[in-house]
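Work through the following exercises on salt bridges with the model open beside you, and try each task before reading its solution.

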Amino acid sequence: KSKEIEEFYLTNFISKDHTKICFNNRVVKIEYENKKLKELIDPKFSHLNSYENEEITYRVCKIEKKIVLFKEGKFIGSWGSNEMHEFQGKVSMELTSFFHNKGDSEWTCVFHGSTLSKKEKSIMLTGDSGSGKSSLSTILMKNNFSLVADDFSPISISGNHYNFPSSISIKQGFYKTAYKLYNKLKNQKEYYINDIKGNVKYLPPDNKNQMVLNTRCNKVFNVKFGENLSNEINEVNKGVALNKILPDSWISNDIKHAKSFINWVKETKFYDLTYNNDEEILKMINKII
């Protein structure tokens, strides 16, 4: 049916809005059929807006109640209203491949996690939605950690984590603390995501910190925040840790990538991290890395 969709698109698509995103000296243009579709992608990347000439163009429209994505006029896929996470994941993967000039076959896995780096040492934060993962990323970024990726951490066959240059999504419950760290967040537009995530604002990476395009990451922390929780970091069994994070991850089924993933697991330490105090957990993370 993709050919029919392509033909429909070629004769009926009208761009009502667009954005250009520049990262790593590469510019992509995304055209949208309407502003509502634009808000599914653009807020995370508004800090990268550009007026330079694009190298490649994506187009997003709605056909038969499905969101449809095209690349240079070619149909990539379509997603229903209950598949927005999958749609946004595909867009994220497309942009990551473009920004780093890599093909789809070069990626070993993508974690639902945030990667940060400090003095050539990198960590990844994982955890369920609402666990305090993005909040801790914000705290670390304010304390000289470079944000490599928020909520979407891709790893290549080399075993390196690559930069996904989106903003951090700050949930409403963390606004008050985040404003103290980054006063500019007060002026950022608020977006409603869904009934689970509620309202969020997007905090761009701190440009005072060194930008890291790719890094070796061999420490993973499964994060949980709670006022009644203690500030603790405990190393856990690799199998137990993977059982927590793999359900929300994508892993290539290619044998070379499988071997690369296993090698990464072997050299990586996994921890459970609970916290209720920003300063205390910051000290503990700095000590362990």
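Three exercises on charged side-chain pairs follow, each with a worked solution.

This is a predicted model, in which local features need pLDDT of at least 70 and side-chain atom pairs count only at pLDDT 80 or more, while totals for chains, interfaces and linings use all residues. Residues are numbered from 1 along each chain as its sequence is written, and side-chain values use heavy atoms, with hydrogens and water left out.

**Exercise 1.** Characterise the salt bridge of Asp 17.

Solution. Take a salt bridge as a side-chain nitrogen of Lys or Arg within 4 Å of a carboxyl oxygen of Asp or Glu; under this rule there are 13 salt bridges. Asp 17 pairs with Lys 38, with 3.2 Å between the closest N and O atoms. Next, locate the partners: Asp 17 is in strand β1 (residues 17-23) and Lys 38 in helix α2 (residues 35-38), 21 residues apart, where helices (H or I, at least four residues) and strands (E, at least two) are DSSP runs numbered from the N terminus. Finally, both Asp 17 and Lys 38 are buried, where buried means under 20% relative accessible area, exposed over 50% and partly exposed in between (1.4 Å probe, protein chains only).

**Exercise 2.** Determine which parts the salt bridge between Lys 20 and Glu 54 ties together.

Solution. The N to O distance of this pair is 3.0 Å. Because Lys 20 lies in strand β1 and Glu 54 in the loop between α2 and β3 (56-63), the pair ties together parts 34 residues apart in sequence. Lys 20 is buried at 15% relative accessibility, whereas Glu 54, at 29%, is partly exposed.

**Exercise 3.** Classify Glu 94 as buried or exposed.

Solution. Glu 94 has 8% relative accessibility and therefore counts as buried.
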